[in-house]
Amino acid sequence: PMLDSKSSRRNFFKFLGLTAGTTLMSQASFGAHLDETEIRKLTDEQQEFMLLHEKWMDKFIEVIKVQKTAPDDQENNKKMIAITEMADEFKPKINEFMKDGTFALIYKMSMERMSKEI
């Protein structure tokens, strides 16, 4: 079945635990990209996860862009499914790390960047 980009985006944010009720940080409060000094406040494990997550987001943004212009591109749709499944694997870590206020803030800033690009 062809993926409708609006609903797949919504599902994707749901995957990451960001439902409509979650308010993302406003652009006025933070710069678009992550601040290095903020990242340094995270534990090594959290830093590693954020770097992995940022790389993953870049890939996700790429497939979404292709999906918008070529919704029938089977190869891209396969990539999108794989990337979406990866988001599921991130979930337990994200839930664990979100208990840490600093991580939660940085994660939300990171998601804000992605939501602007897709």
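These questions and answers cover helix packing, the nonpolar core and two residues of helix 4 in a predicted model.

Q: Which pattern does the chain follow, read along the sequence?
A: The predicted model has 5 helices. Strands number 0. Read along the sequence, the pattern is α-α-α-α-α.

Q: What percentage of the residues count as buried?
A: The chain has 118 residues. A residue is buried when its relative accessible area is under 20%. The share that passes is 36%.

Q: What share of the contacts with a separation of 6 or more comes from residues 24 or more positions apart?
A: Take the contacts in the chain with a separation of 6 or more. Residues 24 or more positions apart account for a share of 80%.

Q: How does helix 3 run relative to helix 5, roughly parallel or roughly antiparallel?
A: Helix 3 covers residues 44-69 and helix 5 covers residues 101-117. Their axes lie 10 Å apart, at an angle of about 15 degrees. Angles under 35 degrees count as roughly parallel. Helix 3 is therefore, relative to helix 5, roughly parallel.

Q: How many nonpolar residues are in the contact of helix 3 with helix 5?
A: Helix 3 contributes residues including Phe49, Met57 and Ile61. From helix 5 come Phe103, Ile106 and Met114, among others. The contact also holds 3 polar and 5 charged residues. The nonpolar count is 10.

Q: How does helix 3 run relative to helix 4, roughly parallel or roughly antiparallel?
A: The axes of helix 3 and helix 4 are 10 Å apart. The angle is about 150 degrees. Angles over 145 count as roughly antiparallel. So helix 3 is, relative to helix 4, roughly antiparallel.

Q: Is the crossing of helix 3 with helix 4 left-handed or right-handed?
A: Helix 3 crosses helix 5 in a right-handed way. With helix 4, the crossing of helix 3 is left-handed.

Q: How many nonpolar residues does the contact of helix 3 with helix 4 have?
A: On the helix 3 side, Leu52, Trp56 and Val63 are among the residues in contact. Helix 4 supplies residues including Met80, Ile83 and Phe90. Polar residues number 6 and charged residues 4. Nonpolar residues number 14.

Q: Which helix gives the largest share of the largest nonpolar core?
A: This core has 21 residues. Trp56, Phe60, Phe103 and Met114 have the most contacts inside it. Helix 3, helix 4 and helix 5 each give two or more residues. The largest share, 8 residues, comes from helix 3.

Q: Is isoleucine 83 buried or exposed?
A: Isoleucine 83 sits in helix 4. Nonpolar side chains tend to be buried together in soluble globular proteins. Here the relative accessible area is 7%, against a cut-off of under 20% for burial. Isoleucine 83 is therefore buried.

Q: What distance separates the C-alpha atoms of isoleucine 83 and phenylalanine 60?
A: Beyond its neighbours within four places in sequence, isoleucine 83 contacts Trp56, Lys59, Phe60 and Val63. Isoleucine 83 and phenylalanine 60 are 23 residues apart along the chain. Their C-alpha atoms are separated by 6.5 Å.

Q: Which exposure class does lysine 79 count as?
A: Lysine 79 also belongs to helix 4. Its C-alpha atom is 10.0 Å from that of isoleucine 64, 15 residues apart along the chain. The relative accessibility of lysine 79 is 47%. Exposed would need over 50%, and buried under 20%, so lysine 79 counts as partly exposed.

Methods:
Residues are numbered from 1 along each chain as its sequence is written. This is a predicted model: local features need pLDDT of at least 70, side-chain atom pairs count only at pLDDT 80 or more; totals for chains, interfaces and linings use all residues. Side-chain values use heavy atoms; hydrogens and water are left out. Axes are lines fitted to C-alpha atoms, for helices over the stretch in contact, and angles run from 0 to 180 degrees between N-to-C directions. Helices (H or I, at least four residues) and strands (E, at least two) are DSSP runs, numbered from the N terminus. Angles under 35 degrees count as roughly parallel, over 145 as roughly antiparallel, 65 to 115 as roughly perpendicular and the rest as oblique. A crossing is left-handed if the near helix is turned anticlockwise from the far one by less than a right angle, and right-handed if clockwise. Contact means heavy atoms within 4.5 Å. Ala, Val, Leu, Ile, Met, Phe, Trp, Tyr, Cys and Pro count as nonpolar, Asp, Glu, Lys and Arg as charged, and the others, Gly among them, as polar. A nonpolar core is a set of buried Ala, Val, Leu, Ile, Met, Phe, Trp, Tyr and Cys residues joined through side-chain atoms within 4.5 Å. Buried means under 20% relative accessible area, exposed over 50%, partly exposed in between (1.4 Å probe, protein chains only).
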